[in-house]
Amino acid sequence: MAVREQVISTAQAKVADTSPRRRANWGVTGRYIAVIVVLFIALAPFYWTAITSIKIDSEINTSPPTLFPQSFTTQNYTNAFASTQPAFAKDLLNSTIVAILTTILALIFGSIAAYAIARSKFLGKGLVLAIVLSVQMFPLIALVGPLYVFFTGTINVYNTYVALIIPYLVIALPVTVYFLTSFFRDLPPDLEEAALVDGTTRLGALWRIVLPLTAPGVFTTAILSFITVWNDFLFGLTMTADSSAQTVTVAIPLFNGEHQIAFGEVAAAAIIVTIPLVIMVLFLQRRIVSGLTAGAVKG
Amino acid sequence: MATTTQATAMPKQKISLRERLDLGSGLLPYYLVAPTIIIIALVAVYPIIDSIRLSLLDNPLIASGATFVGLRNYIQVLGDPAFKSSVGITITFSVVSVALEALVGFGVALLMNQMFPGRGLVRTAILIPFAFPTIVSGQIWLLMFNAQNGVLTYLMQAAHLLAPGDSLLRTPNGLVTASIIIDVWKTTPFMALLLLAGLQVIPNELYEAAGVDGSSRWQQFWTITLPMLRNALLIALMFRLLDALRAFDLFYILTGGGREVQTMALYSYANMFQGTTFDFAPGVAAAVILFIICAVVSIIIVTTTRLSQN
């Protein structure tokens with residue numbers, strides 16, 4: 001990864017050297033200061049949370065606040081995991097299970113849809129894409145009322161994983177279809193053509209050729225789908241009643257008690273929830289960026 | 001290279017295969033997209049229609065059956081001062097934060113378009129806030145903004161921006177300001193990356209030609225960069241605006257689910273789940289109103305983009 005990064009940025013640097021527009025139009029010092037300011041603003045809140053999570057209570061409450069922790073404790077993490085109100089550990093497990101199940105389903109349905117969109121021209125394709133994309137943007141609160149009535153009454157799945165996976169599919173599918181379509185399109189169709197000549201079915205070609213060859217892209221898509229579901233708060237809040245299905249984002253605000261906030265615990269919980277996401281983003285940033293921006297550039 | 005050889009070697013085969021891939025298989029593409037479309041139809045499109053039905057009833061949660069009350073819930077919601085205030089807050093929050101994100105995002109995109117060592121690292125770093133759950137971003141900033149021991153509260157008090165013992169979250173205006181700051185922090189990377197992608201496809205020749213013609217950098221920015229970025233900017237603005245209009249998580253965490261400073265989505269939620277069962281249908285009506293506003297905004301932006309392309 002690092003080596004590839006190096007190669008690519010060297011290549012870009014060479015291109016940049018020959019282009020007059022990119023040469024020295026910002027003062028070098030000014031540019032560095034700007035970069036440092038941007039980095040500082042992006043990361044300072046994360047740093048603050050991290051140090052709060054390892055401080056002891058008395059240090060958290062000192063004034064002026066200490067920028068470098070004077071104390072060190074893992075108690076806040078132990079407390080967060082042991083917390084029963086909210087049941088943080090169970091909620092963490094719920095979120096993980098629900099996000100993984102949703103991602104698997106979204107990949108199954110999304111990959112065959114994306115394959116059709118990427119590889120064939122059919123009447124109404126534009127409409128399909130428009131529907132999928134518009135779902136990604138509409139106000140999800142408008143789904144909450146009807147789904148709540150449906151889940152509590154008609155099919156009686158309120159406060160179970162099913163009540164979460166159903167709406168989560170709707171937020172995960174657009175991401176999945178969008179990204180997979182973009183990754184499938186980038187794969188030259190020659191190999192599938194060869195397989196089709198050999199008598200493979202279209203779905204066989206998808207399963208045996210397209211998916212293995214686009215595995216890094218499929219993996220990126222899975223991660224993004226996971227993050228999208230993991231980050232949801234609205235459905236977790238409205239479709240569950242207690243920790244039998246409650247997700248971890250719903251647990252976070254519950255740490256802020258009526259009068260007394262356990263700041264160290266809250267900070268530890270926030271770190272626990274985001275660490276997996278930070279790791280995923282660090283590993284996949286280049287692919288995420290190219291996937292995110294592909295649509296904007298290709299139109 | 002391989003494709004060219006193949007194409008010249010067996011052109012007929014190639015065409016028929018292309019046809020088989022593109023059109024030849026009749027209904028297959030429809031079967032493939034059907035599961036996705038059915039899920040979206042059942043879990044997204046149908047509920048929207050069902051929202052309209054629910055919003056016309058007096059109390060959909062009563063088992064014995066609800067009565068049709070026409071537009072009564074809408075009249076009630078539109079006459080509710082709390083709803084009017086939520087509309088104001090939603091619009092202020094959306095317009096100000098998206099405008100700031102566009103400006104700051106543009107600056108960051110121009111910066112990232114420059115070469116400097118560690119550019120990839122910086123790009124990753126700014127992506128991190130974007131991957132956070134909004135509820136956690138809110139929580140993190142709450143740690144810094146709280147009245148008791150928040151570092152930003154301390155700094156603002158030291159700078160006399162706040163009275164001793166005061167915090168930004170105490171007043172509705174302060175809370176909206178805080179939410180705008182957090183939203184700009186969290187979503188500017190998204191804006192910057194979309195704009196950066198737009199910047200990188202502008203051909204250098206345009207700038208070179210303009211440079212030969214003797215135009216200044218400032219002129220080049222207005223005559224080349226901005227017009228060429230127009231569509232990327234419009235798409236980014238639409239995504240962000242629609243996302244801001246439905247803001248829920250951030251205000252929920254900052255207010256602790258309280259009802260003093262509400263967005264439209266939060267107003268809708270509070271009616272559905274925090275009042276009596278008779279507040280449920282007005283809550284759904286408020287969600288329908290929000291849906292209509294978002295639909296109108298997206299139609300306007302899509303039409304503008306189309307017009308500018310033609």
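Two residues are in contact here if their C-beta atoms, placed from the backbone, lie within 7 Å. With that in mind, this report describes how two chains of a predicted model meet, beginning with one pair of helices.

In this pair, Pro45(A), Trp48(A), Thr49(A) and Thr52(A) of helix 2 of chain A meet Ile140(B), Trp141(B), Leu143(B) and Met144(B) of helix 7 of chain B. Sorted by class, the residues of this contact are 6 nonpolar and 2 polar, with no charged residues. The axes of helix 2 (residues 28–54) of chain A and helix 7 (residues 134–145) of chain B come within 10 Å and cross at roughly 75 degrees, which means that helix 2 of chain A is roughly perpendicular to helix 7 of chain B.

Taking the two chains as a whole, 92 residues of chain B are in contact with 95 residues of chain A. On the side of chain B that touches chain A, the largest share, 17 residues, is supplied by helix 3 (residues 28–55) of chain B, and the residues of that side divide by class as follows.

| Class, side of chain B touching chain A | Residues |
|---|---|
| Nonpolar | 64 residues |
| Polar | 19 residues |
| Charged | 9 residues |

The largest nonpolar core has 168 residues, and those with the most contacts inside it are Ile141(A), Leu169(A), Leu173(A), Leu195(B) and Leu290(B). Helix 8 (residues 161–185) of chain A gives the most to this core, with 17 residues.

Which residues is Leu290(B) in contact with, leaving aside its neighbours within four places in sequence? From chain A they are Pro139(A), Ile141(A) and Ala142(A), while from chain B they are Arg246(B), Met264(B), Ala265(B) and Ser268(B).

Methods:
Residues are numbered from 1 along each chain as its sequence is written. Chains are lettered from A and ligands numbered from 1 in the order in which they are written. This is a predicted model: local features need pLDDT of at least 70, side-chain atom pairs count only at pLDDT 80 or more; totals for chains, interfaces and linings use all residues. Axes are lines fitted to C-alpha atoms, for helices over the stretch in contact, and angles run from 0 to 180 degrees between N-to-C directions. Helices (H or I, at least four residues) and strands (E, at least two) are DSSP runs, numbered from the N terminus. Angles under 35 degrees count as roughly parallel, over 145 as roughly antiparallel, 65 to 115 as roughly perpendicular and the rest as oblique. Ala, Val, Leu, Ile, Met, Phe, Trp, Tyr, Cys and Pro count as nonpolar, Asp, Glu, Lys and Arg as charged, and the others, Gly among them, as polar. A nonpolar core is a set of buried Ala, Val, Leu, Ile, Met, Phe, Trp, Tyr and Cys residues joined through C-beta atoms within 7 Å. A residue is buried if 20 or more other C-beta atoms lie within 10 Å of its own, exposed if 12 or fewer, and partly exposed in between; C-beta atoms are placed from the backbone.
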